[in-house]
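Please open the model in your viewer and keep the selection tool at hand. The tour proceeds from one selection to the next and states what is found at each stop.

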Amino acid sequence: MKPRVLSGVQPTGNLHIGNYLGALRSWVKIQHDYESIFCIVDLHAITVYQQPEELRSKILELTALFVAAGIDPKHSAIVAQSTVPGHAELAWLLTCVTPVGWLQRMTQYKAKSEAQETIGDGLLQYPVLMAADILIYQANCVPVGEDQRQHLELTRDIAQRFNSLYGETFVMPETYLPAVGARVMGLDDPEKKMSKSEPGAGHAIALLDPPGVIRKKIMRATTDSNPAVDFETMGAGVKNLMTIFQAFSDWTDDQMVKHFSGMRYGDMKKQVAEMVVSSMEPMQKRYHEITSDPGYVDRILAEGRERVNPIASSTVNLVKQRMGIYTSA
Ligand code: AQP
């Protein structure tokens, strides 16, 4: 039996090249080495208010983007998290073994709660739900971007605590980070992670941005006061553009240094833009083909649910038995 891989993305805002290089591309690369489950984590999305109609359409858009990016729905289950009731159920069971101090220490909680007038409890519980997403499938491997590393460590802590209280139950999941592109920074502010929820037209490159928009965003990206690329002294903005190029091209460090050293920023940006545009084009074409069949995405989500729901139910049952909760025969 193949080991299992699990990961997810929130259906919020527009999926960007950071989400792609940090997560989605790894999924595509490794999916056939594993029994693969990829989730649209809509229960996570509502930890911050989402306009309901928009959320509904983002779930469908994201499913189509998974397939357009190369997830093979015949092999990999694509699942809307809320359609498998076990995720929320297991999250509650795990909440009961999770000290609140562990959750308050999470950097994403601190950052996201700062931006809210009133902090919903869901924002604090977010990493417990994420632990449930992973542990419910006994996933061995979780490919994510760097920003999720802390949540993965917490998942292992929760699993270990449960196992020590109630006996060996959960598999310990391993974090999988891409070698290049695990943390893509904002084009307008390279000190900040590229993020869907960050305002600013020049911040992120969305996967569905037309070529002209991609070019414009990259040409306006923040650099530094040097005139040309110098790998010894480059600032965060130039480094980020080099990371983006390298991640899309799969070039080695040596190739990057040979090709770009001394290149003026204007010329370098043009090459980065063309690399991104040509990488996005096939995905965008496929996305438009997929969305021209109105029932396709719904069928994929229904099939995904069918495939994973029995695994989820069996884990929830096991956890209930271990905890002593009543389970019908
Ligand atoms: N800038 C990034 N670089 C590399 N990987 C990234 N990821 C997110 N931003 C970057 C990875 O994308 C996956 C899905 O992320 P998510 O939607 O679950 O939420 P997030 O991590 O909070 O991503 P965003 O874009 O910042 O969304 P919002 O603004 O809605 O919170 C994860 O594997 C993540 O590591």
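Select Q10, P11, T12, G13, N14, L15, K58, E61, L62, L65 and K196; in this predicted model, these residues line the second largest cavity. The space enclosed there is about 40 Å³. Colour the lining by class, and 4 nonpolar, 4 polar and 3 charged residues should appear.

**From the cavity to α3 and α12**

Keep E61 from that lining and display the helix around it: E61 lies in α3, which covers residues 52-69. Which residues does E61 contact, apart from its neighbours within four places in sequence? They are N14, L208 and Y287. N14 also belongs to the lining of the second largest cavity. For a distance check, pick the C-alpha atoms of E61 and G212: they are 22 Å apart, with these positions 151 residues apart along the chain.

Next, add α12, residues 265-291, to the view of α3. Two packed helices are described by the angle between their axes and the distance between the axes. For α3 and α12, the angle is about 130° and the axes are 8 Å apart. The two helices are therefore oblique to each other, and α3 passes α12 in a right-handed crossing. To see where they meet, select E61, A64, L65, V67, A68 and A69 in α3 together with M283, R286, Y287, I290 and T291 in α12. This contact is made up of 8 nonpolar, 1 polar and 2 charged residues.

**The largest cavity, with α6 and α7**

How many cavities of 30 Å³ or more does the structure hold? There are 2. To reach the largest cavity, select M106, Q108, Y109, K112, L123, Y126, P127 and H151, which form its lining. Its space amounts to about 50 Å³. By class, the lining comprises 5 nonpolar, 2 polar and 1 charged residues. Both α6 and α7 supply at least two residues each to this lining.

Now show α6 (107-114) and α7 (121-135) in full. Their axes come within 10 Å and cross at roughly 160°. An angle over 145 degrees counts as roughly antiparallel, and α6 and α7 are therefore roughly antiparallel to each other. The crossing of this pair is right-handed. On the α6 side, the contact is made by Q108, Y109, K112 and S113, and on the α7 side by L123, L124 and Y126. Sorted by class, the contact contains 4 nonpolar, 2 polar and 1 charged residues.

**The largest pocket**

Keep α6 and α7 on display, as each supplies at least two residues of the lining of the largest pocket. Add β1 (4-9), α1 (17-30) and α2 (42-45), each of which does likewise. The volume of this pocket is about 1,300 Å³. To find its centre, select Q108, K112, D147, K193 and S195, the closest to that point among the 47 lining residues. Q108 and K112 have already been met in the lining of the largest cavity. Which element gives the largest share of the pocket lining? That element is α7, with 5 residues. The whole lining divides into 20 nonpolar, 19 polar and 8 charged residues.

**The second largest pocket, with α10 and α11**

Move to the second largest pocket, where about 330 Å³ of space lies. Of its 15 lining residues, M234, K239, N240, M242 and T243 are the closest to the centre. Display α10 (236-249) and α11 (253-260), since each supplies at least two residues of the lining. The most is given by α10, with 6 residues. By class, the lining has 9 nonpolar, 3 polar and 3 charged residues.

Finally, examine how these two helices pack. The angle between α10 and α11 is about 125°, and their axes lie 11 Å apart. The two are therefore oblique to each other, and the crossing of α10 past α11 is right-handed. Select M242, F245 and Q246 in α10, which meet D253, M256 and F260 in α11. This contact divides into 4 nonpolar, 1 polar and 1 charged residues. M242 links both parts of this stop: it takes part in the contact with α11 and is one of the residues closest to the centre of the second largest pocket.

Definitions and conventions:
Residues are numbered from 1 along each chain as its sequence is written. This is a predicted model: local features need pLDDT of at least 70, side-chain atom pairs count only at pLDDT 80 or more; totals for chains, interfaces and linings use all residues. Side-chain values use heavy atoms; hydrogens and water are left out. On a 1 Å grid over the protein atoms alone, a cavity is a set of points where a 1.4 Å probe fits but cannot get out, and a pocket is an open set with protein on both sides within 12 Å along at least five of seven lines; lining residues have an atom within 4 Å of a point. Grid points are joined across faces, edges and corners, and a volume is the space filled by probe spheres set on the points. Helices (H or I, at least four residues) and strands (E, at least two) are DSSP runs, numbered from the N terminus. Ala, Val, Leu, Ile, Met, Phe, Trp, Tyr, Cys and Pro count as nonpolar, Asp, Glu, Lys and Arg as charged, and the others, Gly among them, as polar. Axes are lines fitted to C-alpha atoms, for helices over the stretch in contact, and angles run from 0 to 180 degrees between N-to-C directions. Angles under 35 degrees count as roughly parallel, over 145 as roughly antiparallel, 65 to 115 as roughly perpendicular and the rest as oblique. A crossing is left-handed if the near helix is turned anticlockwise from the far one by less than a right angle, and right-handed if clockwise. Contact means heavy atoms within 4.5 Å.
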